[in-house]
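Me: Could you take a close look at one part of this protein for me? I'd like to get a feel for how its inside is put together.

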Amino acid sequence: MINSRLVWYLERNKLISLMHCGFRKQRSTTDHLVRLESFVRDFFAQRQHAVGVFFDPEKAYKSTWKFGIMRDLHNAGLRGTLPLFIESFLKNRQFHVRLGFSYLELFDQEMRVPQGSILSVTLFGLMINSMVKAIPLVSNTPYMSTIF
């Protein structure tokens with residue numbers, strides 16, 4: 001329910017970049033594959049060079065900055081109960097590592113969003129969104145676009 005409300009707010013207020021297609025309704029990574037193919041074909045037809053830069057953030061959920069999530073929620077205009085709930089959701093989380101039938105000591109989850117939570121997908125997407133906004137387009141060509 002919390003995730004549905006957050007996604008509705010972000011989409012309704014157009015706070016998620018159009019270049020971000022992962023885990024969004026009526027969008028998928030296939031959109032980016034089609035865009036990339038068109039980009040390469042057009043440049044090939046014009047006998048020009050095309051450059052692609054791709055990144056796959058290793059351990060993405062583990063490196064998500066909790067303060068950055070809260071900052072992005074605030075910058076999105078969210079105040080009141082929803083951001084307080086999300087802050088509580090992210091705070092003071094601990095986990096055990098199980099080895100066979102025994103558990104190792106408790107570890108604090110300092111920099112990450114919890115794996116397996118649908119809310120984590122949306123919060124990670126919000127962080128990626130702020131990265132998309134920070135990447136300048138370096139070319140005036142109509143084919144240049146940032147793809148996420």
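Leaving aside its neighbours within four places in sequence, which residues is Leu90 in contact with?

Reply: Bear in mind that this is a predicted model. Once you skip the neighbours within four places in sequence, Leu90 touches Lys66, Ile69, Met70, Val113, Pro114 and Leu123.

Now for the setting. Leu90 belongs to the largest nonpolar core, a set of 18 residues, and is listed among those with the most contacts inside it, along with Leu6, Leu10, Ile69, Leu73, Ile86 and Leu123. Four helices each put at least two residues into this core: H1 (2-12), H3 (66-75), H4 (81-90) and H5 (118-134).

H3 deserves a second look, since three of the Leu90 partners, Lys66, Ile69 and Met70, turn up among its buried residues. The rest of that buried set is Gly68, Asp72 and Leu73. Together, the buried residues of H3 pack against H1, H4 and H5. Just past the end of H3, Gly77 adopts a positive phi of about 90°.

Around there you can also look across to the loop between H1 and helix H2 (29-45), where Lys14 sits. Lys14 counts as exposed because its relative accessibility is 72%, and the cut-off for that is over 50%. Its C-alpha is 9.9 Å from that of Ala76, though 62 residues separate the pair in sequence.

For a nonpolar spot on the outside, try Val97, Leu99, Leu104 and Phe107, which make a surface patch of about 330 Å². Val97 is in the loop between strands E1 (94-95) and E2 (98-99), and is partly exposed at 33% relative accessible area.

Notes. Residues are numbered from 1 along each chain as its sequence is written. This is a predicted model: local features need pLDDT of at least 70, side-chain atom pairs count only at pLDDT 80 or more; totals for chains, interfaces and linings use all residues. Side-chain values use heavy atoms; hydrogens and water are left out. A nonpolar core is a set of buried Ala, Val, Leu, Ile, Met, Phe, Trp, Tyr and Cys residues joined through side-chain atoms within 4.5 Å. Buried means under 20% relative accessible area, exposed over 50%, partly exposed in between (1.4 Å probe, protein chains only). Contact means heavy atoms within 4.5 Å. Patches are made of residues with over 30% relative accessible area and no salt bridge: like charges are joined within 9 Å, nonpolar side chains (Val, Leu, Ile, Met, Phe, Trp, Tyr) within 5 Å. Accessible areas come from the Shrake-Rupley method with a 1.4 Å probe; for residues, only the protein chains shown count as cover. A salt bridge is a side-chain nitrogen of Lys or Arg within 4 Å of a carboxyl oxygen of Asp or Glu.
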